[in-house]
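Trainee: I have a model open here and would like to walk through it with you. Shall we take it piece by piece?

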Amino acid sequence: MPHAVSIRGVSKTYKGGFQALKSVDLDIRRGEIFALLGPNGAGKTTLISIICGIVQPSSGTVTADGHDVRRDYRAARMKIGLVPQELSTDAFETVWASVRFSRGLFGRTRNDKHIEKVLRDLSLWEKKDAKIMTLSGGMKRRVLIAKALAHEPDILFLDEPTAGVDVELRHDMWRMVRTLRDTGVTVILTTHYIDEAEEMADRVGIITRGELILVEEKHALMQKLGKKQLAINLQRPMGTLPDELREYALELADAGATLIYTYDIKSEDTGIPLLLRKLEELGVDFKDLHTLETSLEDIFVNLVRGTP
């Protein structure tokens, strides 16, 4: 069974000489949520536009559900729903008319029950007769998602889907995306919100300067590159670390009021009991301790900066 999307050697150089993508290879599995992370200008939107047939690559091939997006464009595009980053909608149309028209663009027969289900799932049903120009920015973004789902695609691209929407709507969209995944739809999203990828993604890809530098299972990535720390809040601040503590991976924080101990989460012996006994021997009193764990955001920033 082919992957939902298969990308081989895709590069893109624009007329001015700017190289937006550099020989990208990527397979996206059926029924997964894949998050593509990267700073502005990294090549995320260019890659999505190539997969959707909007932009032609300078080299390489892309297939969607086994269909080459250039040689077999119609069949490939039928499989794909795209929610663009820009809020471009039919301002003077009603929600219902705009979404139903989108279904017709792909040659799908009329199915009002499906359109109703999509609008209800996106909390748009009560707005079905409203002109799009009267809706809030968050509601307009929901309409874009409804239009992308109107023709029942197997692959859904979400380019910054929750940009500029409130927290409640973001969580609503997360639930909707999980539901789509559970029905077999493959979801690929680009996002600036690291918590969005951490909350939703099965796998994460990180792209920077046109290069895909990492693709990894989210949980494996966090285990492999993440770290855990023990924060020890001291009764009395320290000016410097005592020589007896130099052998431990310790640093002072909060103007000497907190000791930070970094340890390997995969190691059977974290060294924490030995450290606490050592502090007791030295008469170092502490009032509290708690663990800190690296977030996906920390990992992302370090990878983009090229630091370990």
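Trainee: Which strands does helix H1 lie across, and at what angle does H1 run to E1?

Mentor: Happy to help, and keep in mind that this is a predicted model. Helix H1 covers residues 44–51 and lies across E1, E2 and E4. Its direction relative to E1 is about 120°.

Trainee: Which strands stand at the edges of the sheet?

Mentor: Start with the order of this open, antiparallel sheet, which is E2-E1-E4-E5. A strand with a single partner has one side left without a neighbour in the sheet, so the edges here are E2 (19–28) and E5 (67–68).

Trainee: What is the bridge partner of Arg8 in E4?

Mentor: Strand E1 spans residues 5–13, and strand E4 spans residues 59–64. The two pair in the antiparallel sense over five bridges. Within that pairing, Arg8 is matched with Thr61.

Trainee: Which helices do the buried residues of H3 pack against?

Mentor: Helix H3 runs over residues 95–105, and its buried residues include Val95, Trp96, Val99 and Arg103. Those buried residues pack against two helices, H4 (112–121) and H5 (137–149).

Trainee: How many residues in the contact of H3 with H5 are nonpolar, polar and charged?

Mentor: The axes of H3 and H5 are 7 Å apart at an angle of about 30°, and the crossing is right-handed. From H3, Val95, Ser98, Val99 and Ser102 meet Val143, Ala146 and Lys147 of H5. Sorted by character, the contact residues come to four nonpolar, two polar and one charged.

Methods:
Residues are numbered from 1 along each chain as its sequence is written. This is a predicted model: local features need pLDDT of at least 70, side-chain atom pairs count only at pLDDT 80 or more; totals for chains, interfaces and linings use all residues. Side-chain values use heavy atoms; hydrogens and water are left out. Two strands pair if DSSP finds at least two bridges between them. Helices (H or I, at least four residues) and strands (E, at least two) are DSSP runs, numbered from the N terminus. Contact means heavy atoms within 4.5 Å. Axes are lines fitted to C-alpha atoms, for helices over the stretch in contact, and angles run from 0 to 180 degrees between N-to-C directions. Buried means under 20% relative accessible area, exposed over 50%, partly exposed in between (1.4 Å probe, protein chains only). A crossing is left-handed if the near helix is turned anticlockwise from the far one by less than a right angle, and right-handed if clockwise. Ala, Val, Leu, Ile, Met, Phe, Trp, Tyr, Cys and Pro count as nonpolar, Asp, Glu, Lys and Arg as charged, and the others, Gly among them, as polar.
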